Amino acid sequence: MTPFISDNQDHNRQSQTQHDGKAFGKGVAIGAGIGIIGSYVASLSASAAWATTESTLGEPQPIFLQSEISITSEQEMYEFLELAHEANWHEEDINKMEAIIRDNLENGVEIKFSDQLGTGSYGEYNPSSNTIEIMPEALLGGHQTLLETLTHETVHAHQDAADGIWNSSLQPVGLGINNSGIEVVESYYTEYSFADQVLEAEAHSATEDIEATLDSLDIL
Ligand SMILES: [Ca+2]
């Protein structure tokens, strides 16, 4: 399995979130994700679109979805945020997620939650369709991983808009690049063009301080 999208030539480019394993070992997390989500989905009927996550613990829990969903309206956003409430997310994290989702809604960017496991990424942004796709592994990773993934892909959406939203080319938005962003690119994006490495470095750097990033993008 490669963590990279190989074809950048056909204007169907997808920018991927590749985390650096800061929160947990990547291979372990994705391997566990396949087992847990796979058996979870298999054990449930397909009748309800939403699965609630009730927890008796006070700690924030991962949000579980029963099937693929997309967020293209405020109503769908509120339904998703309700799941975060039920999963004991802290109010400040729910507020950040709402701000991110709302920003994408306002920019015409669809957020899809995929049921596609084992892609090797937590999320992707497709500038041809203006769609953020969040993978099951990002949900399973918990609130911090999900917020980082959403932030990363939202930076790509802003990079797309910075170069014209109705084309599939991107340019940096000027958030700056830090050491953690450089380290991730040196580890996972060596096959990318230099221009794409800069885009990824900016998007990965942006997850180190999510609040500062959202502030810089006028999202918070
Ligand atoms: Ca563009």
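The fold, strand pairing, helix packing and backbone outliers of the chain are described below.

The model is predicted. The secondary structure comprises 8 helices and 5 strands. Along the sequence these elements follow the order β-α-β-α-α-β-β-β-α-α-α-α-α. The chain has 220 residues, of which 35% count as buried. Among contacts with a separation of 6 or more, 63% link residues 24 or more positions apart.

Strand S3 (residues 110–113) takes part in two pairings. Its pairing with strand S2 (residues 69–71) is antiparallel and spans 3 bridges. In this pairing, Ser 70 lies opposite Lys 112 of S3. Strand S5 (residues 131–134) pairs with S3 in the parallel sense, over 4 bridges. Glu 110 stands opposite Thr 131 of S5. Ile 111 has Ile 132 of S5 as its bridge partner.

The side chains of S3 alternate along the strand. Ile 111 and Phe 113 point to one face and are buried. Glu 110 and Lys 112 point to the other face and are not buried. Such alternation between the two faces of the sheet is the rule in a regular strand. The strand partners can be read against this pattern. Ile 111, which is buried, bridges to Ile 132 in S5. Lys 112, which is not buried, stands opposite Ser 70. Glu 110 is likewise not buried, and Thr 131 in S5 stands opposite Glu 110.

S5 also pairs with strand S4 (residues 123–126). These two strands run antiparallel and are joined by 4 bridges. Gly 123 has Ile 134 of S5 as its bridge partner. S4 and S5 form a hairpin with 4 residues between the strands. In this hairpin, Asn 130 adopts a positive phi near 55°.

Helix H5 (residues 143–162) contains 20 residues. Its first and last C-alpha atoms are 28 Å apart, close to the 28 Å expected at 1.5 Å a residue. Of its 20 residues, 17 are buried, so H5 is largely enclosed by the rest of the structure. Gly 164 follows H5 and has a positive phi, near 100°.

Helix H3 (91–106) packs against H5 at an angle of about 25°, with the axes 10 Å apart. An angle under 35 degrees counts as roughly parallel, so H3 is roughly parallel to H5. On the H3 side, the contact involves Asp 93, Lys 96, Met 97, Ile 100, Asp 103 and Asn 104. On the H5 side, the contact involves His 143, Leu 147, Leu 150, Thr 151, Thr 154 and Ala 157. The crossing of H3 and H5 is left-handed.

A second helix pair is formed by H6 (residues 179–188) and H7 (residues 194–205). Their axes come within 8 Å and cross at roughly 130°. H6 and H7 are therefore oblique to each other. Their crossing is right-handed. H6 contributes Ser 180, Gly 181, Ile 182, Val 184 and Val 185 to the contact. These residues meet Gln 197, Glu 200, Ala 201, Glu 202, His 204 and Ser 205 of H7.

Helix H2 (residues 74–86) has 13 residues. From first to last C-alpha, H2 reaches 18 Å, close to the 18 Å expected at 1.5 Å a residue. Asn 88 follows H2. This residue sits in the loop between H2 and H3. The phi of Asn 88 is near 65°, a positive value in a residue other than glycine. Asn 88 has 16 other C-beta atoms within 10 Å and is partly exposed.

Asp 218 also has a positive phi, of about 60°, although this residue is not a glycine. Asp 218 belongs to the segment after helix H8 (210–216). With 8 C-beta neighbours inside 10 Å, Asp 218 counts as exposed.

Note on methods: Residues are numbered from 1 along each chain as its sequence is written. This is a predicted model: local features need pLDDT of at least 70, side-chain atom pairs count only at pLDDT 80 or more; totals for chains, interfaces and linings use all residues. A residue is buried if 20 or more other C-beta atoms lie within 10 Å of its own, exposed if 12 or fewer, and partly exposed in between; C-beta atoms are placed from the backbone. Two residues are in contact if their C-beta atoms, placed from the backbone, lie within 7 Å. The expected span of a helix is 1.5 Å times one less than its number of residues. Two strands pair if DSSP finds at least two bridges between them. Axes are lines fitted to C-alpha atoms, for helices over the stretch in contact, and angles run from 0 to 180 degrees between N-to-C directions. Angles under 35 degrees count as roughly parallel, over 145 as roughly antiparallel, 65 to 115 as roughly perpendicular and the rest as oblique. A crossing is left-handed if the near helix is turned anticlockwise from the far one by less than a right angle, and right-handed if clockwise.
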